[in-house]
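Visitor: I would like to learn how to read a protein structure step by step. Could you take me through the one shown here?

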Amino acid sequence: TATKIADGHGTMYGNFPDSRGNVWFGARDGSIGRWRDGQFTWLGARAWERVRGFAETKDAMWVATDNGLFQLHGDHLEDAEAIVPAVAVSAITPDATGALWLATESGVMKWAAGALVAIPPGGPPSNTSATTIQFDGDGTMWVTTEGAGLWRLRNGQWFGYSSKDGMFDDLVWRVLDDGRGYFWMSSNRGIWKVAREQLEERAAGKRQTIEFVLYGEADGMPDRECDGSMDPAGWRSRDGRLWFPTVKGVAVIDPAHLHPTPPADALIDGVRVDGQPQRFRDSLTLAPGSSRLEIAYTAPALRYPERLRFRYRLDGFDSGWNDAGAQR
């Protein structure tokens, strides 16, 4: 049974569980609420419009809003201090040193030792919104963006992953690590997963294309359009399930109980030599002077045939596989 505990302030854009057992909520109209000891209380509002996210450091609570980054001093919102004003901030992520990394409408920013500090060059473009920031245990940072794909910062070096690398979409609201070797990403066109190993191989130049598996309404989602530019735009719960908000409710994925369908066998549809159809059974002999061989192929798939991706090679001619994407 679901029970409404607060209303009257528009969409809830951010929520955050702090280290003391409280849960903070940010509303569309700039209001902040808190759940403490089984009770919900509105703490008030400021003229910072949407409150999109929160963060906690050892000495402060931080608020991400449409009007910048603010620091809270106790429960009194009127005393909130503007730290980075005049930029929409969708997420705040502290690193191991206590510095704050900000996902903003102007890309990625870093606040440390009381000032904005320079970040390594070559990262997400400043004319594209960053949507979330998160860290691996080894300090690797991942940034999702609203149109520039997924970015990795490791040892001061950036690497970007986009649709040119085989990613399904360049808009990424959230990325979740399922602990089973896969990243799951949400967008306005569905949720997809990629193997972390393939991301590493692409950055190392060991592969050119990343393979993905896409999920949508046919897989049980209430709607493929997910929501973002708020924190959290996805969550991994203690039981390993992945939660993503959509425009028609919450999509929940349990990676432990997914059973992927084996790929269908590829079938040859037809063969043409210099544009002329050929009768093809077990073998085909090309006449002298033949210059162009075309092989049409497909694979039977009634569910999302547009998701199929193909590779091909001609034994004795190709040294490796050729990635044809969706081409048949």
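**Reading the chain, its strands and its charged pairs**

Guide: Let us begin with the whole chain, in which buried residues make up 43% of the 328 residues. Please keep in mind throughout that this is a predicted model. The C-alpha atoms of the protein chain fill a box of roughly 85 × 50 × 30 Å when the box is taken along the principal axes, and the accessible surface comes to about 18000 Å², with 48% of that surface belonging to carbon and sulfur atoms.

Visitor: How many helices and strands are there in the protein chain?

Guide: The protein chain has 1 helix and 28 strands. If we take the contacts in the chain with a separation of 6 or more, 39% of them are between residues 24 or more positions apart.

Visitor: How should I read a sheet, and in what order do the strands of an open sheet stand here?

Guide: As a general idea, the strands of a sheet pair through backbone hydrogen bonds, and the pairing can be parallel or antiparallel. In this structure, 4 strands form an open sheet in the order 1-2-3-4, with antiparallel pairing. Strand 1 (12-17) and strand 4 are the edge strands, each of which pairs on one side only. On average, and ignoring direction, neighbouring strands of this sheet are turned by 20° against each other. Within it, strand 2 (residues 23-27) and strand 3 (residues 31-36) run antiparallel and are joined by 4 bridges, and Gly26 stands opposite Ile32 in strand 3.

Visitor: Now for the charged side chains: how many salt bridges does a search of the whole structure find?

Guide: The general idea is that side chains of opposite charge can pair when their charged atoms come close. A search of the whole structure finds 16 salt bridges. One of these is between the side chains of Arg20 and Asp18, at 3.5 Å from N to O. Its two partners differ in their surroundings, since Arg20 is exposed with a relative accessible area of 54%, whereas Asp18 is buried with 8%.

Visitor: Which residue forms a salt bridge with Asp66?

Guide: The partner of Asp66 is Arg50, and their closest N and O atoms are 3.0 Å apart. This pair links distant parts of the chain, for Asp66 is in the loop between strand 6 (60-65) and strand 7 (68-72), while Arg50 is in the loop between strand 4 (39-45) and strand 5 (51-57), 16 residues apart. Asp66 counts as buried because its relative accessible area is 15%, and the cut-off for buried is under 20%. Arg50 and Asp66 also belong, together with Arg52, to a network of salt bridges.

Visitor: What about Asp165 and Arg202: are they buried or exposed?

Guide: Both Asp165 and Arg202 are buried, and their side chains meet in a salt bridge of 2.9 Å, N to O. Asp165 lies in the loop between strand 16 (157-161) and strand 17 (174-177) and Arg202 lies in helix 1 (residues 196-203), so the pair ties together parts that are 37 residues apart in sequence.

Visitor: Finally, where is Thr132 placed, and which residues is Thr132 in contact with?

Guide: Thr132 is in strand 13 (residues 130-135), and Thr132 counts as buried because its relative accessibility is 2%. Leaving aside neighbours within four places in sequence, the contacts of Thr132 include Ala91, Trp142 and Trp173. Another contact is with Thr144, and there a polar contact of 2.5 Å joins the side chains of Thr132 and Thr144.

Key:
Residues are numbered from 1 along each chain as its sequence is written. This is a predicted model: local features need pLDDT of at least 70, side-chain atom pairs count only at pLDDT 80 or more; totals for chains, interfaces and linings use all residues. Side-chain values use heavy atoms; hydrogens and water are left out. A salt bridge is a side-chain nitrogen of Lys or Arg within 4 Å of a carboxyl oxygen of Asp or Glu. Buried means under 20% relative accessible area, exposed over 50%, partly exposed in between (1.4 Å probe, protein chains only). Helices (H or I, at least four residues) and strands (E, at least two) are DSSP runs, numbered from the N terminus. Contact means heavy atoms within 4.5 Å. A polar contact is a pair of N or O atoms within 3.5 Å; within protein, one must be able to donate a hydrogen and the other to accept it, and residues adjacent in sequence count only if both atoms are side-chain atoms. Two strands pair if DSSP finds at least two bridges between them. Axes are lines fitted to C-alpha atoms, for helices over the stretch in contact, and angles run from 0 to 180 degrees between N-to-C directions. Accessible areas come from the Shrake-Rupley method with a 1.4 Å probe; for residues, only the protein chains shown count as cover.
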